[in-house]
Amino acid sequence: MIERFLKQTTFTSVEDYNKNLEFIIPENFNFAYDVMDAWAEEAPEKLAILWTNDQGEEIRTTYGELKEQTDQAASYLMSLGIGKNDPVMLILKRRYEWWVVMLALHKIGAIVIPATHMLTKKDIIYRNTRASVKAIICVDDAYVVSQIQAAMSESPTVKQYITITDHGKPIPEGFHDWQSEWQQAPKFVRPAFVNNNNDTMLMYFTSGTSGEPKMVAHDYLYAMGHLSTGVFWHNLHEGSLHLTVADTGWGKAVWGKFYGQWFAGATVFVFDHEKFNADTLLRQIEKYRVTSFCAPPTIYRFMIREDLSRYDLSSLEYCCTAGEALNPAVFDKFYEKTGIKMMEGFGQTETTMTLGTFPWMEPKPGSMGIPNAQYDIDLIRADGTSCEDGEKGEIVVRVGDRKPIGLFKEYYRDPELTREAWHDGLYHTGDMAWRDEDGYYWFEGRIDDVIKSSGYRIGPFEVESALMTHPSVVECAITGVPDDIRGMVVKATVVLGKEWKDKAGDDLIKELQQHVKKVTAPYKYPRIIEFVDELPKTISGKIRRVEIRKKDAEK
């Protein structure tokens, strides 16, 4: 499959990849037709999805069956008046239908807006208004349905509400019943014109670690940008059974459960569950013989707290991580217990993978890796000049005459915000890093997370990494607290392992402070330490340091 879209399909070194990665860009590329329907023609009996849930249910769908289902779904949506360029919001958790609906909407040229099931009435109204949402397709969850119904009177652009329920369950008032209606639609006829490459295919409201959510608009080539994610970063092949831990309302879902994996011809494994439990997840990997796994560092932190010798993880071939910076202590512990080296990657909702550790590289624990050859990555100082090796700067994408495949189009309906992030030939990520002499990048934190204390600039990640090497710490967040003398001081908000919780107190605080002084430069140690049961996070699993700072300010 990938030979249709790449001039060279295998690489043996960083130099080879950087020199020879070149995309073949079709006219009017559409992932649903050009990749998924092509697989259905070439290998109709090949397994595309293996879906299971915490109730023990299973759905196994081949590429051929998936084409039939997505054609039928596309016909049904068209019968409801949904067509090209119509924004459709999906709130489907990990329901199997999410994959079917995503592809169906691509087939009719509609704009997909995946969203989290945790949205409130206010959130839904904001999204409906900002994007002029025409239809909402949601899971039959009491909370989700109640928030959508509460938002109806203030959502005039929404014309259709569709819920996916189990057979026999009552349908909420005002909703279409997907289960009883979709298979009754007429035979699908592909529209005469679906899209060009520059049309908007997908939009995401960002996780919102600060401020109102931004709406990131992607074109149809964004899907192709994830070929590198699945084939080269995840190192997938046609025999792979890949599991990425991500809610479908987060951009990481299309990173790890959709585009790149199916470019590779892999099988997407889905575990639909209500509440994360490390033991349950490990049992799924063991039972179904998952070969490839990707999750944010938070998931790995909880996994290594289990006795991994109790699980048969011998099927695992490859493991990756992204979503936030990886603490080297987590890498080391996972490698010690499994023999697998985690391959880190970095990107944003606005991009595909921009930095990564590839199969032909040796990972450096805690490093994001090197630039993905489809992007021209640089580190710059505040004055816009390029940084030297070892110097901290902002990660930027240099954009020439042609926008890189995978980079977003714009912040939808917000040209001012777009210009703030993308100007003078540079897309500014807002993330800080430094580069070592081998070209590996090391994450420092968001620009607005940097702590200035007594004239020092302290990146939260370096202090978090030091704390994470102490056996008591499951996870932590470093923030700055205003101080009359130093300007700011470092504060650590810490989640302890269950066997350490009864030791929380002054003695452990002093022990942790001394530990940080030994692991990193002493001036970086946290002068304030607060123990909590959990850290505030976005649905994507990123720590909301802004929320910690806000609570501290209120105190």
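Which helix holds Asp71? Select Asp71 to begin: the residue sits in helix H3, which covers residues 63-79. The model on screen is a predicted one.

**Stop 1: Asp71 and its partners**

Colour by accessibility and look at Asp71 again. Its relative accessible area is 15%, and because the cut-off for buried is under 20%, Asp71 counts as buried. Now show side chains and add Lys107 to the selection. The side chains of Asp71 and Lys107 make a polar contact at 2.6 Å. Which residues does Asp71 touch once its neighbours within four places in sequence are left aside? They are Lys107 and Phe188.

**Stop 2: helices H2 and H4**

Keep Lys107 selected, since this residue also belongs to the next stop, as part of H4. Select helix H2, residues 31-42, together with helix H4, residues 97-108. Two packed helices are described by the angle between their axes and by the distance between those axes. For H2 and H4 the angle is about 125° and the axes are 8 Å apart. H2 is therefore oblique to H4. On the H2 side, display Phe31, Ala32, Tyr33, Met36 and Asp37. On the H4 side, display Leu103, His106 and Lys107. Sorted by class, the residues of this contact are five nonpolar, one polar and two charged. Lys107 thus appears twice on the tour, in the H2 contact and as the polar partner of Asp71.

**Stop 3: helices H16 and H17**

Move along the chain to helix H16, residues 460-468, and helix H17, residues 506-519. Their axes lie 9 Å apart and the helices pack at an angle of about 115°. That angle makes H16 roughly perpendicular to H17. Is the crossing of H16 and H17 left-handed or right-handed? It is right-handed. To see the contact itself, select Val463, Ala466 and Leu467 in H16, then Leu512, His515, Val516 and Val519 in H17. Six of the contact residues are nonpolar and one is polar, with no charged residue in the set.

**Stop 4: Asp166**

Finish with another aspartate. Asp166 is in the loop that runs between strand E6 (160-164) and strand E7 (176-177). Is Asp166 buried, partly exposed or exposed? With a relative accessible area of 43%, Asp166 is partly exposed, whereas Asp71 at 15% is buried. As a last step, add Ile111 and draw a distance between the two C-alpha atoms: Asp166 and Ile111 are 26 Å apart in space and 55 residues apart in sequence.

Technical notes. Residues are numbered from 1 along each chain as its sequence is written. This is a predicted model: local features need pLDDT of at least 70, side-chain atom pairs count only at pLDDT 80 or more; totals for chains, interfaces and linings use all residues. Side-chain values use heavy atoms; hydrogens and water are left out. Helices (H or I, at least four residues) and strands (E, at least two) are DSSP runs, numbered from the N terminus. Buried means under 20% relative accessible area, exposed over 50%, partly exposed in between (1.4 Å probe, protein chains only). A polar contact is a pair of N or O atoms within 3.5 Å; within protein, one must be able to donate a hydrogen and the other to accept it, and residues adjacent in sequence count only if both atoms are side-chain atoms. Contact means heavy atoms within 4.5 Å. Axes are lines fitted to C-alpha atoms, for helices over the stretch in contact, and angles run from 0 to 180 degrees between N-to-C directions. Angles under 35 degrees count as roughly parallel, over 145 as roughly antiparallel, 65 to 115 as roughly perpendicular and the rest as oblique. A crossing is left-handed if the near helix is turned anticlockwise from the far one by less than a right angle, and right-handed if clockwise. Ala, Val, Leu, Ile, Met, Phe, Trp, Tyr, Cys and Pro count as nonpolar, Asp, Glu, Lys and Arg as charged, and the others, Gly among them, as polar.
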